[in-house]
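Ready for a few warm-up exercises? Have a look at the structure below, try each task yourself, and then go through the solution.

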Amino acid sequence: MPTTKKKIIEHLEEEVFCKLGISPIHGIGVFAIKPIPKGINPLKSYIRSREIDVSKKDIKHLPKGVRNQIDMFCYYDRRSVSIPVNGLNSFDLAVYLNHSKRPNLRFKKNGTLISLMNIAEGEELFIDYDISFGEKHYF
C-alpha cells in the first residue's frame, strides 16, 4: 500500500485505469479511463480481500435487501455464498465486470486479472463468466 506522497502519485499515474459507468450490456460496468496495455492487471488493488463461505441457510433470516446485495455481489454455489470479510459496504471493482463471450480480461490461476489485449479509453471491460466461474451462464 502506498505510504508516501510520492508512492500514491505513482499509483495514481501508473495503476489506476478504471471507473464504474452505465453499461449498455447490463446495468453498471467497468470502463477504461485511459488506455490499458495488454498483459497487465487494470484493477490492481492494495486491499487484500478474503472471503468467508457461509451456508445459504445461515443468511436466510437476513432482510431481503441485504440478501439481494449478497446475490448480486457475492460468489455462490448451491449450498454456500462467499462473503468478503470487509463486508458489503466496500467492493472490489471486479464485481462489476460484465460477461462477454469475447472478453478482454481473464482471471489467472492465482485469482488476479490480466488484460488479454490493448483496451482503449472508454471501452468496457469484460470477463467470460463461463470460463471464470466454471459453469454455464444464461442471460
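**Exercise 1.** Which residue stands opposite Ser-80 in S5?

*Solution.* Keep in mind that you're working with a predicted model. Start by finding the two strands: S3 covers residues 51-55, and 5 bridges join S3 to S5. These two strands run antiparallel. Now look across from Ser-80 in S5, and you land on Ser-55.

**Exercise 2.** Find the strand that a hairpin joins to S5, and describe the pairing.

*Solution.* Step one: the hairpin links S4 to S5 through 3 residues. Step two: S4 is made of residues 75-76, and 2 bridges join S4 to S5. Here too the strands run antiparallel. Step three: pick a facing pair, such as Tyr-75, which stands opposite Ser-82 in S5.

**Exercise 3.** Work out how many residues of S5 are buried, and on which faces they lie.

*Solution.* First, count along S5, residues 80-84: 5 of its 5 residues are buried. Next, sort them by side. In a regular strand, side chains alternate between the two faces of the sheet. One side of S5 has Ser-80, Ser-82 and Pro-84, and the other has Val-81 and Ile-83. Both faces turn out to be covered.

**Exercise 4.** Give the strand order of the open sheet of 4 strands, and name its edges.

*Solution.* Reading across the sheet, you get S1-S2-S9-S6, with mixed pairing. The edge strands are S1 (18-22) and S6 (98-99), as each pairs on one side only. Now zoom in on the S6 edge: 2 bridges join S6 to S9, residues 124-127, and these two run parallel. For one bridge, take His-99, whose partner in S9 is Ile-127.

**Exercise 5.** Is Leu-12 buried, partly exposed or exposed?

*Solution.* Begin by placing Leu-12: you'll find it in helix H1, residues 5-14. Its relative accessibility is 47%. Buried means under 20% and exposed means over 50%, so Leu-12 counts as partly exposed. Together with Ile-8 and Ile-9, Leu-12 makes a nonpolar surface patch of about 240 Å².

**Exercise 6.** How many disulfides does a search of the whole structure find, and are Cys-18 and Cys-74 buried or exposed?

*Solution.* Recall that a disulfide is a covalent bond between the sulfur atoms of two cysteines. The search turns up 0 disulfides. Then check the accessible areas: Cys-18 has a relative value of 11%, so Cys-18 is buried. Cys-74 is at 5%, so Cys-74 is buried as well.

Notes
Residues numbered from 1 in each chain as written. Predicted model: local features only at pLDDT ≥ 70, side-chain atom pairs only at ≥ 80, totals over all residues. Heavy atoms only, no water. Disulfide = S-S within 2.5 Å. Buried < 20%, exposed > 50% of the residue type's maximum accessible area, 1.4 Å probe, protein only. Pairing = 2+ DSSP bridges. Patch = residues over 30% accessible without salt bridge, like charges linked within 9 Å, V, L, I, M, F, W, Y side chains within 5 Å. Areas by Shrake-Rupley, 256 points an atom, 1.4 Å probe, with all protein chains shown as cover. Salt bridge = Lys/Arg side-chain N within 4 Å of Asp/Glu carboxyl O.
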